[in-house]
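Please consider the following structure. The questions below ask on what grounds certain terms are applied.

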Amino acid sequence: MSGSTPRLRSAAGRAAMDGSPVRGPLRYGDDPLLWASWLYYEEGLTQGEIAETMKVSRPTVNAYLAEARAQGIVNISIDGERLRSLSIAKQLQERFALAECVVIPGAGGERSLYDRLGVASAQALAWLIHSGDRIGITWGRTMLAMANAVRISGLKDLRVVQATGGTTAHIPYTPEACATRLADAIGARCIPISAPAIVSSPEIRALLRAEEVVAEQLGELAAINRIIFSVSSLRPSSTIHTSGFFDSTLQVREGYRTAIGSLAGRFIDAHGVPVPGPLEERTIGISLDELRKVPTRIAVAGGTEKIPALLAALRGDYVTVLITDSTTGEGLLRADGVEPTSGMGARRHPDAPPAVETRSRIKKFLNDPRDAVTESLEGALAAYPGFITPIDGNVRTIAASRPRVPGKVGLVIGGGAGHEPCFLGYVGRGLADACVVGNVFASPPPDRVLACTHAAQTGAGVLYIYGNYTGDVMNFDMAAEMAKAEGIGVRTILTTDDIASSPAEDHTSRRGTAGNFFVFKVAGAACDRMLDLDGCERITRKANAATFSMGLALEPCSLPETRRPSFRIGEDDMEVGVGIHGEPGASRERLVPADRAADRVCDRLIDEMGLKEGGRVALLVNSLGGTPMMELFILNRRIHQRLSARGVTVERSWVGHYCTSLDMVGASITMMALDDELLDLLDAPCEGFALRVGG
Amino acid sequence: MEQLDTPFLIRLFRAVALQLEEHREQLCALDGEIGDGDHGTSMANGFAAVARLGQRPETRALAPAAFLRQAASVFLGDVGATVGPLYASALLQAAKLYDTRPDLPVEELALLLQALTDGIAARGKADPGDKTMLDAWLPALSAAQQARGEGALAADQARAAAIAAEEGAQATITMIASRGRAARLNERSLGKLDPGAVSASLILSCFAELLASPAPGPGEA
């Protein structure tokens with residue numbers, strides 16, 4: 001697993017200049033150490049051959065090489081990621097009494113985790129299976145990837161038995177496909193199960209199992225001595241769902257309330273105890289009791305969403321050999337209450353204090369911190385009476401100062417405080433009609449949303465737009481229910497621009513961040529043009545779907561009530577993929593120069609948006625609160641360079657504090673892909689105190 | 001037969017408020033690790049508001065359904081955030097139960113727990129294993145229903161529910177959050193208790209405590 005990688009570092013002239021005892025002939029320059037090292041490590045010559053080439057004695061070469069190590073010209077290092085995998089494997093093996101454990105690096109290369117685990121398990125099979133084995137295999141993406149990667153020949157009398165009946169053919173990784181591929185790849189006989197995995201009733205199952213062919217096949221299944229399986233979570237995208245095991249999620253909830261994962265089409269709870277459920281008597285395939293009696297039980301699974309299920313399988317003793325990746329392995333250990341240790345202490349303990357000295361209490365202009373939100377709103381209202389005014393004297397509910405336009409769709413925005421000038425800066429003509437404010441980073445309650453709804457509505461219905469957060473969704477939904485009960489038509493659009501918060505295939509669960517800026521602007525213009533509720537909703541959804549953001553943080557923020565940093569970060573670190581609530585990002589990376597940081601975000605946004613030559617975007621470079629304009633402009637400069645190099649036109653560009661996270665030092669970059677309609681609405685006049693366009 | 005009536009609910013909410021106040025800091029700290037750190041504050045403040053409502057003399061005369069509707073409104077208006085709608089929905093669902101069953105004997109505890117759990121589940125749309133308060137409420141409900149099915153007394157139903165809730169809360173350590181703000185942390189949420197499940201188990205422990213001791217005489221509550 002662990003390879004040695006010698007690295008040469010040029011130190012030309014050093015040996016000579018510091019009067020080092022070893023000197024070589026001049027034809028090697030002043031640095032015989034470097035040459036000897038090069039010939040030894042890079043060219044692969046023996047010390048004897050090097051002695052001959054360099055016309056020195058063999059002991060001299062030996063001394064050169066030793067000195068090169070001592071001077072740091074040659075560094076021998078073992079790939080830390082591999083070493084870490086090794087140490088995690090050891091810990092997992094001990095913790096869960098496994099016969100063997102293989103852990104591949106958690107991140108690496110372009111291939112999917114399924115494929116990488118497939119290759120790793122295919123290699124592991126070479127020492128796990130032997131002539132005469134009867135091998136059961138389940139199904140799924142990992143199993144198929146493994147079967148496709150296996151290259152084993154020379155074994156005799158192997159049988160591969162399908163461990164369950166068949167599933168829907170809508171997936172490529174059916175039990176039949178997995179068993180057949182594996183059998184072909186290792187030269188085994190394949191024994192299928194000629195029945196579906198799930199049948200419509202226990203009676204049909206009994207009939208089918210009594211059929212001679214099926215009975216014989218199940219007999220083969222009962223005789224297997226090894227089984228290879230994966231573990232499925234019960235998440236909507238999991239194999240157990242895509243394989244058509246459940247007709248509806250209702251069935252899972254009702255019959256499998258305590259189930260946490262599934263293996264071989266059966267269900268287990270968090271302790272690994274079988275959860276029979278309504279499908280149990282309708283399932284054809286190996287039972288969990290039978291599975292546990294198979295001497296070698298090889299589980300291949302990775303991905304953090306599988307950790308609870310995999311942990312349950314380990315606890316239930318369904319696994320003797322585990323093949324996983326280091327991220328999942330670490331997660332398993334942590335979930336079981338063990339802090340994973342790293343190979344060489346290279347990785348800092350997550351709770352270890354950072355090397356850099358930080359003040360524990362952040363200075364702020366505050367009175368009683370509990371009054372911070374209210375006092376801040378009072379100050380904003382005092383500054384911009386022409387734009388915003390409190391509804392019924394409540395500063396937490398703010399309406400546009402100008403009178404409502406009859407027949408116009410009302411636009412209500414809002415969320416927690418701490419994002420100023422979001423949301424109240426976007427209240428005004430051509431923008432929102434009202435905005436509702438909660439506590440710092442906490443959703444406002446529904447009664448306030450309802451008050452804003454009343455203020456915004458003039459009979460044409462009301463549009464709610466806010467960021468996609470659990471608390472906001474619940475409070476605004478409750479308000480929408482109340483509004484509907486009063487006969488007010490309400491449509492809700494959640495902003496979901498933050499690409500770091502969920503992968504593209506799950507884009508609807510992304511959170512809303514600075515992309516709010518573009519969505520509010522476009523929606524406000526649509527409402528201002530007196531489009532009906534359907535029209536406003538359509539355009540707003542389109543704007544949201546076209547808007548993509550990603551944030552970087554250099555320092556955490558601090559809440560008024562705690563005045564402590566929301567997380568710790570080292571002086572050479574940055575958080576990548578941060579949101580707007582002071583939380584850590586998707587990953588922590590080394591701090592890089594501004595252009596590289598901008599590139600990091602640009603690359604992701606370009607990929608995500610599929611930006612091509614001829615594309616048109618609107619750009620927002622936004623401070624998260626603590627980063628000054630000067631630095632925002634530096635980022636903006638680089639982003640323009642990148643887009644220009646790609647042939648993408650930046651039609652409109654904004655730089656500044658538009659959607660912040662209190663005093664977090666960092667920036668977010670938002671792009672909205674434009675067509676004529678969106679650009680036209682972006683250019684429509686508007687007047688909020690944080691955004692003015694046109695006359 | 002002893003009833004799950006308004007005086008019972010008033011005593012319950014007072015006990016819950018005290019219990020949550022005692023654990024305010026702990027819940028905030030748990031939330032700080034995976035969320036935004038306000039859970040203890042929101043829960044303690046919310047139930048304190050409900051407890052204050054219960055102390056008003058006019059409240060005692062209310063039918064349980066009316067009291068629970070007021071409690072839901074008070075809780076929500078005070079809290080907002082994420083737990084506001086969840087517990088307000090629980091209380092409203094319980095109110096609906098009392099609409100059809102104005103008199104609820106203590107032995108029917110499971111029905112009340114069912115209503116509370118349903119309210120939370122319908123509003124939060126979380127699944128079991130999502131590392132939320134439901135991971136305490138659902139096992140508690142199952143345990144109470146099972147005990148009820150076996151003919152257990154109310155005290156034993158409540159104890160079974162409290163134990164199951166405590167176990168359920170502990171089990172959230174092995175789960176990855178997939179709802180709420182903690183969901184963005186992905187595997188960083190492993191090894192941490194879910195604060196919502198912990199506070200739920202505190203609430204269920206109050207049920208167990210109250211039902212274990214005989215009801216106080218009139219005027220004592």
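Q: What makes A:Cys536 count as buried or exposed in this predicted model?
A: The relative accessibility of A:Cys536 is 0%. Buried means under 20%, so A:Cys536 counts as buried.

Q: Is A:Cys527 buried or exposed, and how is that known?
A: A:Cys527 has a relative accessible area of 0%. The cut-off for buried is under 20%, and A:Cys527 is therefore buried.

Q: Why is there no bond between the sulfur of A:Cys527 and that of A:Cys536?
A: The closest cysteine sulfur to that of A:Cys527 belongs to A:Cys536 and is 3.8 Å away. A disulfide requires sulfur atoms within 2.5 Å, so this pair is too far apart for a bond. Seen from the other side, the nearest cysteine sulfur to A:Cys536 is that of A:Cys527, and A:Cys536 is in no disulfide.

Q: To how many disulfides does the count come over all chains?
A: By the same 2.5 Å rule, the count over all chains is 0.

Q: What makes strand 21 and strand 23 of chain A edge strands?
A: They belong to an open sheet of 6 strands in chain A, with the order 21-20-19-24-22-23 and mixed pairing. Strand 21 (587-590) and strand 23 (649-656) each pair on one side only, and these are the edge strands. From one strand to the next, the twist averages 20 degrees.

Q: How do you know that strand 19 and strand 24 of chain A pair, and which way do they run?
A: Two strands pair if at least two bridges are found between them. Strand 19 (residues 547-555) and strand 24 (residues 665-673) of chain A are joined by 8 bridges, so they satisfy the rule, and they run antiparallel. Within these strands, A:Ala553 stands opposite A:Gly666.

Q: Which strands does helix 23 of chain A lie across?
A: Helix 23 (residues 676-683) lies across strand 22 (616-623), strand 23 and strand 24 of chain A. Its direction is at about 35 degrees to strand 23.

Q: What makes strand 9 and strand 10 of chain A a pair?
A: The rule asks for at least two bridges. Strand 9 (residues 259-263) is joined to strand 10 by 4 bridges, so the two strands pair, in antiparallel fashion. One of the bridge partners is A:Asp269 in strand 10, which partners A:Ala259.

Q: In what order do the strands of the sheet with strand 9 of chain A lie?
A: The order is 8-9-10, in an open sheet of 3 strands with antiparallel pairing. Its edge strands are strand 8 (231-233) and strand 10 (266-269) of chain A.

Key: Residues numbered from 1 in each chain as written. Chains lettered and ligands numbered in written order. Predicted model: local features only at pLDDT ≥ 70, side-chain atom pairs only at ≥ 80, totals over all residues. Heavy atoms only, no water. Buried < 20%, exposed > 50% of the residue type's maximum accessible area, 1.4 Å probe, protein only. Axes fitted to C-alpha atoms, helices over the stretch in contact; angles between N-to-C directions. Contact = heavy atoms within 4.5 Å.
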